[in-house]
Amino acid sequence: MFVLCPLLFVALIGLAVSTSSNINLKNPQKLEGWLKSSKLYDNFIGNASSLAEKSTGDDQSGSVSLSDTAVVQAAQSAFTPAMLEENVNTFIESNYAWLQGKTDKPEFKIDLTDAKNTFAIKVGQYVTAYSANLPVCTPAQEAQAQAVDPLTAVCRPGAATPEQLGAKVTEEIKNGQFLSNSVITPENVNPDKEANASQPYYEKLSHLPKAYRLATNPPYILLGVIALTVLSLVLLSSSKRGGFKKTGWTLAVAGVVLVGAKFSSDIAFNQLHQRVFNNASIGQLQHSLTDFARSVESAFTKTEMYFGIAYLVLAIIVFVVLKLTSDRPIRELAEAPTPKKNDIKSSSPATPTPKTAPK
């Protein structure tokens, strides 16, 4: 008895959590919707430009800085939110198909070559327009001009025209480290870049599809555990009513925990959200990531809250039924008709009549 109630409680919580995971992670549309609603694609380019600049190192002599305002604007024009969303959705859906066993491996090809070339051309045009308004460098200035960002220079070399400077920057971006691999396929996606391993990620993680499919089974297993535990409580208790009463209290506690977890999680995320948005040092990308996390949290805890409400309703039903049936024997005894005196006399054995003695 001391084991069955905790086991039932754990199974009820596990059923809610596992079912919530299945509902929210079964289809890629959920994840795609969370990413879109968080406006992650709208705020991605500004932060990505700074990260790309750091990744290329400091040996960018004569090249523009990827964090320049004009460069970021060119990137936002070339890598539009709609294009980013389409490519990310392609990546997500192909990996879901692999995890679900529909394909032997992820099948996607994301070609960013045209976007990269458009970006390079636009930056070159900015450099051309900017350089056309600069005076020609003096010999002393020209000696240092090669190490200056073309979009922050105060003069231009006399031997180069603005068009030549712009074309040079365009070629540097096309052939440089920025998006050096502009065609992304499953074979060249390697999370462990330091290892320089040629093995694709879907081969390294070949166990994931099986694990993903096994992860969809716990709700059915837990339903069986719950049914067996309730049956054991009813049969092994000193009375069936006692077993149902223990079941009702366990349902009630599990329901309160799940509903309380929903409100506690919402309060915690609201406080985190306020701190993030009140911090001036946090960029828009961090805001979007916070919104994304909030969407995921809300979807999971909302499903679990519905389970909590269902448990509470079942507990109330159990207690109401027990209450309505608890005084039935007493009421039936009180309402039983009292036998009448005549009935008592008629029911008593008849007194034998004495026989008359013969004369």
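I began by fixing a term: rings of Phe, Tyr and Trp (its six-membered ring) pair if their centres lie within 6.5 Å, and the planes count as stacked when under 30 degrees apart, as edge-to-face when over 60 and as tilted for the rest. With that rule I looked at Phe 79, Phe 119 and Phe 178, which ring pairs link into a cluster.

I noted that this is a predicted model, in which local features need pLDDT of at least 70 and side-chain atom pairs count only at pLDDT 80 or more, while totals for chains, interfaces and linings use all residues. Residues are numbered from 1 along each chain as its sequence is written, and side-chain values use heavy atoms, with hydrogens and water left out.

Searching the whole structure, I found ten aromatic pairs. In one of them, the ring centres of Trp 98 and Tyr 201 are 6.2 Å apart and the planes stand at 85°, so I entered this pair as edge-to-face. Trp 98 belongs to helix 5 (residues 81–99) and Tyr 201 to helix 9 (residues 201–204), so the pair ties together parts that are 103 residues apart in sequence; helices here are DSSP runs (H or I, at least four residues), numbered from the N terminus. Trp 98 and Tyr 201 are both buried, meaning under 20% relative accessible area with a 1.4 Å probe and protein chains only.

Next I turned to helix 2 (residues 28–37), where Pro 28, Glu 32, Trp 34 and Leu 35 are buried. They cover an arc of only 160° around the axis, which puts them on the same side of helix 2; the arc is that of the directions from the helix axis to the C-beta atoms. Just after helix 2, I saw that Lys 39 takes a positive phi of about 60°.

Technical notes:
Helix = DSSP H or I, 4+ residues; strand = E, 2+ residues; numbered from the N terminus. Buried < 20%, exposed > 50% of the residue type's maximum accessible area, 1.4 Å probe, protein only.
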